[in-house]
Amino acid sequence: MHKIKIQSVYLSLLLAYICILFPWSNFVLSFRPDFMLLVILFWLLRAPNLCSVGTAWFMGLWVDLAMGGIFGQYALAYTITAFFAVIYQRRLVLFSKTQQLVYVFSLLILAQIILLILKAFSGHQFIGWSYFIPSVSGVLLWQLAVSLGLNTGRHSHGQ
Amino acid sequence: MMRGIHQNFDQQPAPAFFVRGPSPLARLTFFTALSLALMATDSRLQYLNDMRQNLVSLLHPLQVIANAPSDLYALSDEYFSTHHHLLAENAQLKKQALKQAADLQKLNLLSLENDNLRNLLQAQQALTEASTLAEIEHVGRDAFTKKVVVNRGTNHLIVTGAAAVDATGVIGQVTRTYPATSEVTLITDKSLAIPVQVERNGLRAIAFGHGRDNTLELPYLPANVDIQVGDKLVTSGIDGIYPAGLAVASVFEMKTSPDSPFAHIICLPTAGIENSRQVLLVSIPKAKPSTELKPALNQAGKIPSPAEKANVPVASENTAQTPSQTAAPSTVKKPTAQETRSGHAQN
């Protein structure tokens with residue numbers, strides 16, 4: 001079984017960041033999944049020795065920079081989400097595919113709720129239920145990646 | 001199944017619990033504290049602004065890479081645009097240029113006349129605003145705010161506070177500048193307010209962005225205020241930020257309810273907030289007028305505030321005619337035409 005290289009982790013995080021930097025138009029923007037969080041979750045579940053809560057925090061800072069809001073919002077949301085991802089990581093091998101999807105979906109929703117709370121503190125108002133669409137598209141993307149053969153930590157001996 | 005799990009643990013080079021270092025909880029506590037400290041620093045103190053600027057300029061190559069596909073698409077789209085389309089556009093532009101040339105001649109005459117009248121009144125000369133054409137790179141990525149990022153920054157002498165206008169009206173205001181880009185907060189953003197004036201009767205008000213749908217509000221106006229649906233709102237220019245007379249919005253809906261002393265007025269922005277690509281960044285020179293104007297204002301015994309500045313030449317006349325008296329923006333043609341029209345109507 002080959003070892004996961006740290007370079008591939010960094011490269012994928014960089015690619016996710018470029019995806020965030022794409023000039024999305026208004027309409028597509030509301031559907032855009034949180035690529036960065038998806039990639040972080042993937043590595044947290046797949047290779048927890050290479051990607052940890054600290055990585056999530058660090059990448060969160062860069063996302064904060066891209067979003068242009070107050071520094072630390074995404075960092076905090078990613079940190080807490082990564083924590084919940086990590087504490088259940090070892091149980092993930094026992095999860096079925098559907099359970100894993102639900103798990104990822106609830107993590108994505110958790111990150112969005114934390115962000116919503118932080119935004120509410122800084123004086124923004126809730127923009128409606130469409131706010132949670134990125135979590136749905138995120139989990140669909142996850143499913144797409146799994147069905148295309150991406151190994152998300154389960155049955156990793158099969159490769 | 002058991003065998004599968006066993007192998008799954010085997011494939012990791014070292015058991016996870018040996019290489020993890022500090023426990024996740026310890027990391028969570030540490031990084032949460034760090035994030036909270038960062039948020040407090042960034043929102044209350046201004047220490048991180050320089051760091052943000054430097055980091056964004058560091059990110060610029062990445063941004064260029066990310067923009068490449070859409071830029072390439074736009075370029076090829078332009079290249080392959082049909083002959084017929086170009087001809088039609090050319091004809092239209094010629095017609096427009098002809099019309100504007102006529103307007104421009106009139107404008108020159110009027111500005112000359114205006115200068116002479118100002119000289120007679122010994123008032124300040126109209127200041128010409130510095131303007132830069134910029135292109136919108138992308139819309140803001142934060143769903144909670146209405147922002148766009150344009151491709152001109154401090155390298156092109158853009159300062160925060162500059163007004164962003166398109167061919168039809170005001171779009172917003174530059175709120176943050178980076179070396180190569182700057183962030184424009186749209187007038188529909190909840191945090192942006194813009195001083196306006198009803199073109200029909202000169203009533204002054206402040207329009208606030210609504211934040212959610214692309215509308216503006218006129219709060220704190222009494223229920224019997226003289227505003228009708230369809231009224232045009234233009235910038236009043238008394239803030240010293242926006243040049244006077246630029247179209248901002250038109251009144252879309254006006255409701256009064258017996259339980260509120262205020263009217264509920266909803267306006268739609270005139271400018272193509274969501275669909276224009278080129279914007280003009282107009283900044284009114286700040287330092288110059290204050291040094292030039294002080295003696296004159298001191299003589300008159302007045303406080304040199306931006307509001308006063310705009311009102312000085314009007315003082316002897318009817319205050320309702322502010323837009324026709326204040327600076328005529330030489331760079332933006334259409335609003336000027338409106339301005340002169342409104343001036344004539346009132347005369």
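This report looks at how chains A and B meet, at salt bridges, and at one helix of chain A. The model is predicted.

## Where the chains meet

Start with the interface. On one side, 52 residues of chain B take part; they are in contact with 55 residues of chain A. The size of an interface is often given as the accessible area lost when the parts come together. Here chain B and chain A bury about 4800 Å² between them. Carbon and sulfur atoms account for 68% of that area.

Charged pairs also cross the boundary. How many salt bridges does the rule find between chain B and chain A? It finds 1 salt bridge across this interface. The partners are Lys119(A) and Asp142(B), whose side chains meet with N to O at 2.6 Å. Polar contacts cross the interface too: 11 residue pairs, with both residues at pLDDT 80 or more.

Which elements of chain B build its side of the interface? Those that give two or more residues are helices H1 (2-10), H2 (16-19), H3 (24-44) and H4 (48-79), together with strand S1 (130-139). H4(B) gives the most, with 14 residues. Sorted by class, the side of chain B that touches chain A has 25 nonpolar, 15 polar and 12 charged residues.

## Salt bridges within chain B

Over all chains, the count comes to 9 salt bridges. Three of them, within chain B, are set out here.

| Pair | Closest N and O atoms | Separation along the chain |
|---|---|---|
| Arg52(B) and Asp42(B) | 2.8 Å | 10 residues |
| Arg277(B) and Glu135(B) | 3.6 Å | 142 residues |
| Lys147(B) and Glu183(B) | 3.4 Å | 36 residues |

Take the pair Arg52(B) and Asp42(B), which form a salt bridge. This pair links helix H4 of chain B, home of Arg52(B), to helix H3 of chain B, home of Asp42(B). Are these two partners buried or exposed? Arg52(B) is buried, because its relative accessible area is 2%, under the 20% cut-off. Asp42(B) has 11% relative accessibility, so Asp42(B) counts as buried as well.

Now turn to Arg277(B) and Glu135(B), joined by a salt bridge. Arg277(B) sits in the loop between strand S11 (264-269) and strand S12 (278-283) of chain B, while Glu135(B) lies in strand S1 of chain B. Arg277(B) has 40% relative accessibility, so it counts as partly exposed. Glu135(B) is partly exposed too, with a relative accessible area of 29%.

The pair Lys147(B) and Glu183(B) links two strands. Lys147(B) belongs to strand S2 (residues 147-150) and Glu183(B) to strand S5 (residues 182-186) of chain B. Glu183(B) is buried, with a relative accessible area of 6%. Shared partners extend the picture: salt bridges join Lys147(B), Arg176(B) and Glu183(B) into one network.

## A helix in chain A

Finally, look at helix H7 of chain A, residues 133-147. Does its length fit its residue count, and what span should we expect? At 1.5 Å a residue, its 15 residues should span 21 Å. The end C-alpha atoms are 21 Å apart, so the two values agree.

Several residues of H7(A) are buried, among them Pro134(A), Gly138(A), Trp142(A) and Val146(A). What do the buried residues of H7(A) pack against? They pack against helix H3 (35-46) and helix H6 (97-121) of chain A. After H7(A) comes Gly149(A), with a positive phi near 105°.

Terms used:
Residues numbered from 1 in each chain as written. Chains lettered and ligands numbered in written order. Predicted model: local features only at pLDDT ≥ 70, side-chain atom pairs only at ≥ 80, totals over all residues. Heavy atoms only, no water. Contact = heavy atoms within 4.5 Å. Buried area = accessible area lost by both parts, 1.4 Å probe. Salt bridge = Lys/Arg side-chain N within 4 Å of Asp/Glu carboxyl O. Polar contact = N/O pair within 3.5 Å; in protein donor to acceptor, adjacent residues only side chain to side chain. Helix = DSSP H or I, 4+ residues; strand = E, 2+ residues; numbered from the N terminus. Nonpolar A, V, L, I, M, F, W, Y, C, P; charged D, E, K, R; others polar. Buried < 20%, exposed > 50% of the residue type's maximum accessible area, 1.4 Å probe, protein only. Expected span 1.5 Å × (residues − 1).
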